[in-house]
Amino acid sequence: MSSAASVRVEKDLLGTLEVPADAYYGIQTLRAVQNFRLSGVPLSHYPKLVIGLAMVKQASADANRELGHLSAAKHTAISTACARIIQGEFHEQFVVDMIQGGAGTSTNMNANEVIANIALEAMGFEKGQYQHLHPNNDVNMAQSTNDAYPTAIRLGLLLGHDSLLGALDKLIQSFAAKGLEFGHVLKMGRTQLQDAVPMTLGQEFRAFATTLGEDLQHLKLLAPTLLTEVNLGGTAIGTGINADPKYQALAVKRLAIISGHPLTPAVDLIEATSDMGAFVLFSGMLKRTAVKLSKICNDLRLLSSGPRTGINEINLPARQPGSSIMPGKVNPVIPEAVNQVAFEVIGNDLALTMAAEGGQLQLNVMEPLIAYKIFDSIRLLTRAMDMLRELCIDGITANEARCRELMENSIGLITALNPYIGYENATRIAKVALDSGRGVLELVREEQLLDEATLADILRPENMIAPRLVPLQG
């Protein structure tokens, strides 16, 4: 310690540095903090990643202890340190930027140093007294960044997966509830922004629920398929150098027990160490969900447009005044924000794809960016879906009279009459209606093409929104 006891001096390959005395991280972490001032987002921003790192270190220590390579005292101290991190302590000590050179070595050393110093205190020593328990020799025993880091990323994603699925499932249920609520509201469907044929507002909202439901099922299946195979035990490039031959099986087995996820050892460790395909596919699925959410929010903004000069079929909850110059204006700020989240997720997927392609030979050094982007996409999507449900979807109301008015005045209504009056009559009526501004029903009544009873039957909701073929009488 220095005379002021505010710093301690630590040494590495490049020399010495003064590390804050109260810091549980060490010199290699400090160098990374000084080098990588990029995103401003530290590892601690993603707690599941930090917990994943601690679980990997715990499993490795367990395996090394069982194999006789780690003393009981050191194992107990490391286990205590890992348990405290898993329980949420010391996360603020994970200070390295998510974007970093070195293929994640700074992240791995941040974990090694924090765990070592917590363990040292548990053993009655001072932080930095690594002769008693060393970040590399003991905490990182039988490991490399190249197997510990990607394993922790996969585990962190698995640990946080339920939150994403929960947010998506709740949003689906919200759309489905609106589908039931609006089941009786007749409106005009639209294709290419032009009037098409009648439907119900309920059908529109049920379709939102259905399309997101498809993604929910895919995400439930993808994570266990893609993320449970880990390369722990491969060490530097997948050959397992510096690890006991029995280490891989023991470490992965312990990690599965500690995490509660059915992790399995990779069959080909060299392939698993360099390949980023699982992250590319998983990110692609997140992008697909983001694209769907953005399209839905586009629709919500269109359907609520107005209120006087737009479609105005639905009302979105008013969340805040919309203009500093236009009094009374309220904007669809929640769907707009979700659109922007979707664009960010799409951009994250592109960055991740480029990073996955950017690997060379036996390692992908761009893995820090891959981790950052995929954790960011999950966090953003989870928050955006909760926001959309709580602040928008649950409070949407229908303008039933407006929906009915637009439908009855739409020339698209002629499609429902086509089987009864024939294509030629229907085309002629449609043109007259378009040219004159008169309604389709008004013209049909005027020409007495159908009696009122038949018209009433045609216009019944259940007859307009589902398959029904009535042979033309002629």
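These are my notebook entries on what I looked up in this predicted model.

**Entry 1: helix α2**

I began with helix α2, which covers residues 47-66 and has 20 residues. From its first C-alpha to its last it reaches 29 Å, close to the 28 Å expected at 1.5 Å a residue. I then looked up how well α2 is covered, and found that 16 of its 20 residues are buried. Just after α2 comes Gly68, and I noted its positive phi of about 85°.

**Entry 2: positive phi without glycine**

I looked up two residues that have a positive phi although they are not glycines. Gln192 has a phi of about 55° and sits in the loop between β3 (186-191) and β4 (194-200). Its relative accessible area is 74%, so I wrote Gln192 down as exposed, the cut-off being over 50%. Asn242 has a phi of about 70°, and I found it in the loop between β5 (229-230) and α8 (247-259). Asn242 is exposed too, because its relative accessible area is 71%.

**Entry 3: the largest pocket**

Which residues lie closest to the centre of the largest pocket? I noted its volume first, which is about 410 Å³. The lining has 22 residues, and the closest to the centre are Ser304, Gly306, Val330, Asn331 and Pro332. Two elements, β7 (314-315) and α11, each give two or more residues to the lining. α11 gives the most, with 3 residues.

I followed up Ser304, which is in the loop between α10 (277-303) and β7. Is Ser304 buried or exposed? Its relative accessible area is 18%, which is under the 20% cut-off, so Ser304 counts as buried. I also looked up the separation of Ser304 and Tyr130, which are 174 residues apart along the chain. Their C-alpha atoms are separated by 64 Å.

Gly306 came up again when I checked the peptide bonds. A cis peptide bond joins Gly306 and Pro307, with omega at about 5°. Pro307 lies in the loop between α10 and β7.

**Entry 4: salt bridges**

Side chains of opposite charge can pair when their charged atoms come close. How many salt bridges does the structure hold? I found 26 salt bridges listed for it, and I looked at some of them.

Arg8 pairs with Glu10, and the closest N and O atoms are 2.7 Å apart. Both Arg8 and Glu10 are buried.

Lys74 and Asp138 form another salt bridge, at 3.3 Å from N to O. Lys74 lies in helix α3 (residues 72-86) and Asp138 in helix α5 (residues 135-139), so this pair ties together parts that are 64 residues apart in sequence. Lys74 counts as partly exposed because its relative accessibility is 22%. Asp138, at 8% relative accessibility, counts as buried.

In a third entry on my page, the side chains of Lys127 and Glu121 meet at 2.9 Å, N to O. Lys127 counts as buried at 14% relative accessibility, whereas Glu121 counts as partly exposed at 35%. I also noted a network in which salt bridges that share partners join Lys187, Arg190, Glu204 and Glu313.

**Entry 5: a nonpolar patch**

Which residues form the nonpolar patch I looked up on the surface? They are Val291, Phe343 and Ile346, with about 260 Å² of accessible area together. Ile346 has its place in helix α11 (residues 333-357), the helix I had already noted in the lining of the largest pocket. Why does Ile346 count as partly exposed? Its relative accessibility is 32%, which falls between the 20% cut-off for buried and the 50% cut-off for exposed.

**Entry 6: Asn425**

My last check was Asn425, which is in helix α15 (residues 423-436). Asn425 counts as partly exposed, because its relative accessibility is 26%. I then looked up its distance to Ile414. The two residues are 11 residues apart in sequence and 9.7 Å apart in space, C-alpha to C-alpha.

Terms used:
Residues numbered from 1 in each chain as written. Predicted model: local features only at pLDDT ≥ 70, side-chain atom pairs only at ≥ 80, totals over all residues. Heavy atoms only, no water. Helix = DSSP H or I, 4+ residues; strand = E, 2+ residues; numbered from the N terminus. Expected span 1.5 Å × (residues − 1). Buried < 20%, exposed > 50% of the residue type's maximum accessible area, 1.4 Å probe, protein only. Patch = residues over 30% accessible without salt bridge, like charges linked within 9 Å, V, L, I, M, F, W, Y side chains within 5 Å. Areas by Shrake-Rupley, 256 points an atom, 1.4 Å probe, with all protein chains shown as cover. Salt bridge = Lys/Arg side-chain N within 4 Å of Asp/Glu carboxyl O. 1 Å grid on protein atoms, 1.4 Å probe; cavity = no way out; pocket = protein on both sides within 12 Å on 5 of 7 lines; lining within 4 Å. Points joined across faces, edges and corners; volume = space filled by probe spheres on them.
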